[in-house]
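Biologist: I have a structure to go through before I plan my reading of it. Could you take me through it, one point at a time?

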Amino acid sequence: MNRAALRADCANCFGLCCVALTFSRSADFPIDKDAGEPCRNLQEDFRCGIHQKLRPEGFQGCTVYDCFGAGQKISRLAGKSWREQPGQQMFEALPIMRQLHELLWYLADATERAEARSLHPQLRQASERIEQLTLQPDLTSVDLPGERAKVNELLLQTSKLVRGKQSKAKERRGADLFGAKLRGADLRFANLRGAYLIAADLRGADLRQADLIGADLRDTRVESADLTGALFLTQSQANAARGDSKTKLPPAVTRPPHWTP
(Lines give C-alpha, C1' and ligand atoms only; values in the text may rest on other atoms or scores of the structure.)
Protein backbone atom coordinates (compact mmCIF):
# COMPACT_ATOMS: atom_id res chain seq x y z
CA MET A 1 0.00 0.00 0.00
CA ASN A 2 1.11 3.53 -0.77
CA ARG A 3 2.32 4.97 2.54
CA ALA A 4 1.13 8.44 1.48
CA ALA A 5 -2.40 7.26 2.30
CA LEU A 6 -1.20 6.29 5.77
CA ARG A 7 -0.24 9.84 6.74
CA ALA A 8 -2.62 12.25 8.42
CA ASP A 9 -4.30 14.63 5.96
CA CYS A 10 -6.18 17.07 8.17
CA ALA A 11 -7.42 19.09 5.19
CA ASN A 12 -9.59 16.13 4.16
CA CYS A 13 -10.84 15.12 7.60
CA PHE A 14 -13.83 16.26 9.66
CA GLY A 15 -11.58 16.98 12.64
CA LEU A 16 -12.36 13.56 14.11
CA CYS A 17 -9.40 13.41 16.50
CA CYS A 18 -10.46 16.80 17.90
CA VAL A 19 -13.82 15.31 18.87
CA ALA A 20 -13.52 11.55 19.32
CA LEU A 21 -10.56 11.51 21.70
CA THR A 22 -10.42 12.21 25.42
CA PHE A 23 -8.14 14.97 26.73
CA SER A 24 -6.93 14.87 30.33
CA ARG A 25 -5.38 17.92 31.94
CA SER A 26 -1.66 17.09 32.09
CA ALA A 27 1.68 18.00 30.56
CA ASP A 28 0.11 17.08 27.19
CA PHE A 29 -3.16 19.01 27.47
CA PRO A 30 -4.20 22.11 29.46
CA ILE A 31 -7.86 21.03 29.57
CA ASP A 32 -10.13 18.07 30.29
CA LYS A 33 -12.31 17.00 27.37
CA ASP A 34 -14.63 14.01 27.13
CA ALA A 35 -14.79 11.74 24.10
CA GLY A 36 -17.41 13.05 21.69
CA GLU A 37 -16.99 16.65 22.85
CA PRO A 38 -15.44 18.99 20.27
CA CYS A 39 -12.19 20.65 21.34
CA ARG A 40 -12.64 24.33 22.09
CA ASN A 41 -10.09 25.13 19.37
CA LEU A 42 -11.96 23.31 16.57
CA GLN A 43 -13.36 25.78 14.03
CA GLU A 44 -16.43 25.48 11.82
CA ASP A 45 -14.27 24.41 8.87
CA PHE A 46 -12.85 21.52 11.00
CA ARG A 47 -9.44 23.21 11.22
CA CYS A 48 -7.59 23.92 14.45
CA GLY A 49 -7.68 27.57 15.48
CA ILE A 50 -4.27 27.41 17.20
CA HIS A 51 -2.50 24.92 14.94
CA GLN A 52 0.63 27.05 14.65
CA LYS A 53 0.98 27.50 18.42
CA LEU A 54 -0.25 24.22 19.89
CA ARG A 55 2.85 23.64 22.01
CA PRO A 56 3.04 27.15 23.49
CA GLU A 57 -0.65 26.84 24.35
CA GLY A 58 -0.05 23.54 26.18
CA PHE A 59 -1.47 21.14 23.58
CA GLN A 60 1.70 19.10 23.15
CA GLY A 61 -0.36 15.92 22.87
CA CYS A 62 -1.90 17.17 19.62
CA THR A 63 1.54 17.59 18.04
CA VAL A 64 2.51 14.02 18.94
CA TYR A 65 -0.69 12.28 17.83
CA ASP A 66 -0.85 10.80 14.33
CA CYS A 67 -3.88 8.92 13.01
CA PHE A 68 -2.03 7.08 10.20
CA GLY A 69 -4.57 8.53 7.76
CA ALA A 70 -7.55 7.00 9.59
CA GLY A 71 -9.35 10.32 9.99
CA GLN A 72 -9.53 11.25 6.34
CA LYS A 73 -10.49 7.71 5.33
CA ILE A 74 -13.42 7.59 7.74
CA SER A 75 -14.44 11.07 6.58
CA ARG A 76 -14.29 10.04 2.93
CA LEU A 77 -16.28 6.84 3.49
CA ALA A 78 -18.89 8.66 5.58
CA GLY A 79 -19.35 11.41 2.99
CA LYS A 80 -21.06 13.73 5.49
CA SER A 81 -19.60 15.23 8.64
CA TRP A 82 -20.70 14.53 12.20
CA ARG A 83 -22.33 17.96 12.16
CA GLU A 84 -24.62 16.83 9.32
CA GLN A 85 -25.42 13.36 10.64
CA PRO A 86 -25.00 11.45 13.93
CA GLY A 87 -21.25 11.11 14.40
CA GLN A 88 -21.04 8.41 17.07
CA GLN A 89 -20.21 5.70 14.53
CA MET A 90 -17.37 7.80 13.11
CA PHE A 91 -16.00 8.50 16.57
CA GLU A 92 -16.09 4.81 17.52
CA ALA A 93 -14.43 3.88 14.24
CA LEU A 94 -11.45 6.24 14.63
CA PRO A 95 -9.33 4.27 17.15
CA ILE A 96 -10.07 1.02 15.33
CA MET A 97 -9.24 2.41 11.89
CA ARG A 98 -6.09 3.96 13.32
CA GLN A 99 -4.88 0.58 14.57
CA LEU A 100 -5.66 -1.09 11.25
CA HIS A 101 -3.77 1.64 9.39
CA GLU A 102 -0.88 1.26 11.82
CA LEU A 103 -0.71 -2.42 10.84
CA LEU A 104 -0.73 -1.38 7.18
CA TRP A 105 2.16 1.00 7.91
CA TYR A 106 4.23 -1.81 9.40
CA LEU A 107 3.36 -4.18 6.55
CA ALA A 108 4.33 -1.54 3.97
CA ASP A 109 7.66 -1.04 5.77
CA ALA A 110 8.30 -4.81 5.78
CA THR A 111 7.39 -5.13 2.11
CA GLU A 112 10.00 -2.49 1.23
CA ARG A 113 12.78 -4.56 2.83
CA ALA A 114 14.82 -6.48 0.26
CA GLU A 115 16.09 -8.77 3.01
CA ALA A 116 12.52 -9.97 3.59
CA ARG A 117 11.88 -10.78 -0.06
CA SER A 118 10.87 -14.35 0.80
CA LEU A 119 8.03 -12.97 2.93
CA HIS A 120 6.74 -10.42 0.42
CA PRO A 121 3.86 -12.60 -0.88
CA GLN A 122 2.60 -13.20 2.68
CA LEU A 123 3.08 -9.55 3.60
CA ARG A 124 1.08 -8.40 0.57
CA GLN A 125 -1.66 -10.91 1.33
CA ALA A 126 -1.88 -9.67 4.91
CA SER A 127 -1.97 -6.07 3.71
CA GLU A 128 -4.85 -6.85 1.34
CA ARG A 129 -6.76 -8.56 4.14
CA ILE A 130 -6.33 -5.58 6.50
CA GLU A 131 -7.28 -3.14 3.75
CA GLN A 132 -10.52 -5.04 3.20
CA LEU A 133 -11.26 -4.84 6.91
CA THR A 134 -10.93 -1.04 6.82
CA LEU A 135 -13.80 -0.93 4.32
CA GLN A 136 -16.29 -2.70 6.59
CA PRO A 137 -19.35 -0.59 7.47
CA ASP A 138 -19.06 -1.57 11.16
CA LEU A 139 -15.46 -1.64 12.37
CA THR A 140 -16.44 -2.53 15.93
CA SER A 141 -16.78 -6.16 14.80
CA VAL A 142 -13.11 -6.40 13.77
CA ASP A 143 -11.01 -8.80 15.86
CA LEU A 144 -8.12 -6.42 16.47
CA PRO A 145 -6.13 -8.68 18.84
CA GLY A 146 -6.40 -11.52 16.35
CA GLU A 147 -5.29 -9.39 13.42
CA ARG A 148 -2.42 -7.91 15.41
CA ALA A 149 -1.22 -11.41 16.33
CA LYS A 150 -1.23 -12.54 12.69
CA VAL A 151 0.61 -9.46 11.46
CA ASN A 152 3.06 -9.47 14.36
CA GLU A 153 4.31 -12.92 13.44
CA LEU A 154 5.22 -11.67 9.96
CA LEU A 155 6.85 -8.56 11.41
CA LEU A 156 8.96 -10.66 13.79
CA GLN A 157 10.15 -12.76 10.87
CA THR A 158 10.92 -9.59 8.90
CA SER A 159 12.92 -8.20 11.79
CA LYS A 160 15.02 -11.34 12.05
CA LEU A 161 15.76 -11.34 8.33
CA VAL A 162 16.74 -7.66 8.29
CA ARG A 163 18.74 -7.60 11.51
CA GLY A 164 20.38 -11.03 11.35
CA LYS A 165 21.87 -12.67 14.42
CA GLN A 166 22.94 -10.12 17.02
CA SER A 167 24.80 -10.22 20.31
CA LYS A 168 22.81 -10.55 23.53
CA ALA A 169 23.65 -6.93 24.35
CA LYS A 170 21.59 -5.78 21.38
CA GLU A 171 18.55 -7.88 22.26
CA ARG A 172 16.74 -5.29 24.40
CA ARG A 173 13.12 -6.10 23.68
CA GLY A 174 10.86 -4.47 26.26
CA ALA A 175 13.88 -3.16 28.19
CA ASP A 176 13.45 -0.41 30.78
CA LEU A 177 15.80 2.27 29.43
CA PHE A 178 14.06 5.23 31.02
CA GLY A 179 16.56 8.10 31.06
CA ALA A 180 19.37 5.79 29.90
CA LYS A 181 22.68 7.41 28.95
CA LEU A 182 23.23 6.04 25.45
CA ARG A 183 24.83 9.02 23.76
CA GLY A 184 26.80 7.88 20.70
CA ALA A 185 25.87 4.23 21.32
CA ASP A 186 26.19 1.63 18.57
CA LEU A 187 22.65 0.28 18.35
CA ARG A 188 22.75 -0.89 14.76
CA PHE A 189 20.41 -3.85 14.19
CA ALA A 190 19.38 -3.76 17.87
CA ASN A 191 16.07 -5.22 18.99
CA LEU A 192 14.33 -2.38 20.85
CA ARG A 193 10.78 -3.61 20.33
CA GLY A 194 8.58 -2.19 23.07
CA ALA A 195 11.57 -0.72 24.91
CA TYR A 196 10.95 2.16 27.33
CA LEU A 197 13.27 4.89 26.07
CA ILE A 198 11.44 7.77 27.74
CA ALA A 199 13.83 10.72 28.20
CA ALA A 200 16.79 8.53 27.22
CA ASP A 201 19.85 10.27 25.76
CA LEU A 202 20.44 8.86 22.27
CA ARG A 203 22.18 11.90 20.86
CA GLY A 204 24.51 10.83 18.09
CA ALA A 205 23.54 7.17 18.52
CA ASP A 206 23.60 4.81 15.53
CA LEU A 207 20.16 3.20 15.21
CA ARG A 208 20.39 2.04 11.63
CA GLN A 209 18.16 -0.99 11.00
CA ALA A 210 17.21 -1.13 14.69
CA ASP A 211 13.74 -2.59 15.36
CA LEU A 212 11.75 0.19 17.06
CA ILE A 213 8.23 -1.18 16.84
CA GLY A 214 6.29 -0.09 19.90
CA ALA A 215 9.30 1.62 21.50
CA ASP A 216 8.31 4.53 23.74
CA LEU A 217 10.27 7.55 22.49
CA ARG A 218 8.60 10.26 24.54
CA ASP A 219 11.17 13.02 25.12
CA THR A 220 13.93 10.71 23.87
CA ARG A 221 16.87 12.83 22.73
CA VAL A 222 17.80 11.83 19.20
CA GLU A 223 19.67 14.95 18.08
CA SER A 224 22.30 13.95 15.47
CA ALA A 225 21.20 10.30 15.79
CA ASP A 226 21.08 8.09 12.70
CA LEU A 227 17.76 6.28 12.30
CA THR A 228 18.31 5.48 8.64
CA GLY A 229 16.49 2.29 7.81
CA ALA A 230 15.12 1.93 11.36
CA LEU A 231 12.49 -0.80 11.34
CA PHE A 232 8.86 0.16 11.84
CA LEU A 233 9.50 3.72 13.02
CA THR A 234 6.26 5.72 12.97
CA GLN A 235 5.53 9.42 12.64
CA SER A 236 4.03 9.55 16.12
CA GLN A 237 7.25 8.12 17.59
CA ALA A 238 9.29 10.78 15.82
CA ASN A 239 6.83 13.46 16.96
CA ALA A 240 7.26 12.34 20.57
CA ALA A 241 11.07 12.41 20.43
CA ARG A 242 13.41 15.42 20.56
CA GLY A 243 15.50 15.71 17.42
CA ASP A 244 17.17 18.34 15.30
CA SER A 245 18.22 19.09 11.74
CA LYS A 246 21.07 16.59 12.01
CA THR A 247 18.85 13.67 12.95
CA LYS A 248 18.67 11.20 10.07
CA LEU A 249 15.24 9.67 9.47
CA PRO A 250 13.83 7.01 7.13
CA PRO A 251 12.30 8.56 3.96
CA ALA A 252 8.75 7.70 5.02
CA VAL A 253 8.99 9.69 8.26
CA THR A 254 8.74 13.50 8.15
CA ARG A 255 10.91 15.68 10.35
CA PRO A 256 8.58 17.18 13.02
CA PRO A 257 8.29 20.97 12.76
CA HIS A 258 8.83 21.40 16.50
CA TRP A 259 12.31 19.80 16.42
CA THR A 260 15.16 22.23 16.99
CA PRO A 261 17.13 23.55 13.98
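**Aromatic rings**

Modeller: Start with the rings, in what is a predicted model. The count comes to 8 aromatic pairs.

Biologist: How are F23 and F29 arranged as an aromatic pair?

Modeller: Their ring centres are 4.2 Å apart. The planes differ by 10 degrees, and under 30 degrees counts as stacked. Both residues are buried. The arrangement of F23 and F29 is stacked.

Biologist: Why is the pair of F46 and W82 given another label, edge-to-face?

Modeller: The centres of F46 and W82 lie 5.8 Å apart, within the 6.5 Å limit for a pair. Planes over 60 degrees apart count as edge-to-face. The planes of F46 and W82 stand at 70 degrees, so the pair is edge-to-face.

Biologist: Which loops does that pair link, and how many residues apart are F46 and W82?

Modeller: F46 is in the loop between α1 and α2. W82 is in the loop between α3 and α4. The pair thus links distant parts of the chain, and the separation is 36 residues.

Biologist: Is F46 buried or exposed? And is W82 buried or exposed?

Modeller: The cut-off for buried is under 20% relative accessible area. F46 has 15% relative accessibility, so F46 counts as buried. W82 also has 15%, so W82 counts as buried.

Biologist: Which residues do ring pairs link into a cluster?

Modeller: F46 and W82 belong to it. F14 and F91 are in it too. The cluster is F14, F46, W82 and F91.

Biologist: Which ring does the charged end of K33 sit over, and which ring face does R3 lie over?

Modeller: The charged end of K33 is 5.0 Å from the centre of the F23 ring. R3 is 4.5 Å from the centre of its ring. For K33 the ring is F23, and for R3 it is W105.

**Helix α5 and the core**

Biologist: What end-to-end distance should helix α5 have, and what does the model give?

Modeller: Helix α5 covers residues 120-134, which is 15 residues. At 1.5 Å a residue, α5 should span 21 Å. The C-alpha atoms at its ends agree with that: they are 21 Å apart.

Biologist: Which residues of α5 are buried, and which are exposed?

Modeller: The buried ones are H120, L123, A126, S127, I130, L133 and T134. They cover an arc of only 140 degrees around the axis, which puts them on the same side of α5. On the other side, the exposed residues are P121, Q125, E128 and Q132.

Biologist: Which helices do the buried residues of α5 pack against?

Modeller: One partner is α3, residues 70-78. Another is α4, residues 88-111. With α6 at 144-163, the set is α3, α4 and α6.

Biologist: Which members of the largest nonpolar core touch the most other members? And which element gives the largest share?

Modeller: This core holds 77 residues, and L16, W82, L197 and L227 touch the most other members. The elements giving two or more residues are α1, α3, α4, α5 and α6. The largest share is 13 residues, and it comes from α4.

Biologist: What does L227 touch, leaving out residues up to four places away?

Modeller: Its contacts include L207, L212, V222 and L233. The remaining ones are T247, K248, L249 and P250.

**Loop residues**

Biologist: Is D226 buried or exposed? Which residues beyond four places in sequence is it in contact with?

Modeller: D226 is found in the loop between α6 and α7. At 14% relative accessibility, D226 counts as buried. Its contacts are A205, D206, L207, R208 and K248.

Biologist: What does I31 touch beyond four places in sequence?

Modeller: I31 lies in the loop between α1 and α2. At 11% relative accessibility, I31 counts as buried. It touches F23, S24, R25, R40 and F59.

Biologist: F68 and S224 have positive phi values. What is the phi of each?

Modeller: F68, in the loop between α2 and α3, is buried at 2% relative accessible area. S224, in the loop between α6 and α7, is partly exposed at 35%. Neither is a glycine. Phi is near 60 degrees for F68 and about 65 degrees for S224.

Technical notes:
Residues are numbered from 1 along each chain as its sequence is written. This is a predicted model: local features need pLDDT of at least 70, side-chain atom pairs count only at pLDDT 80 or more; totals for chains, interfaces and linings use all residues. Side-chain values use heavy atoms; hydrogens and water are left out. Helices (H or I, at least four residues) and strands (E, at least two) are DSSP runs, numbered from the N terminus. The expected span of a helix is 1.5 Å times one less than its number of residues. Buried means under 20% relative accessible area, exposed over 50%, partly exposed in between (1.4 Å probe, protein chains only). The arc is that of the directions from the helix axis to the C-beta atoms. Contact means heavy atoms within 4.5 Å. A nonpolar core is a set of buried Ala, Val, Leu, Ile, Met, Phe, Trp, Tyr and Cys residues joined through side-chain atoms within 4.5 Å. Rings of Phe, Tyr and Trp (its six-membered ring) pair if their centres lie within 6.5 Å; planes under 30 degrees apart count as stacked, over 60 as edge-to-face and the rest as tilted. A charge sits over a ring if NZ of Lys or CZ of Arg is within 6 Å of the ring centre and within 35 degrees of the ring normal.
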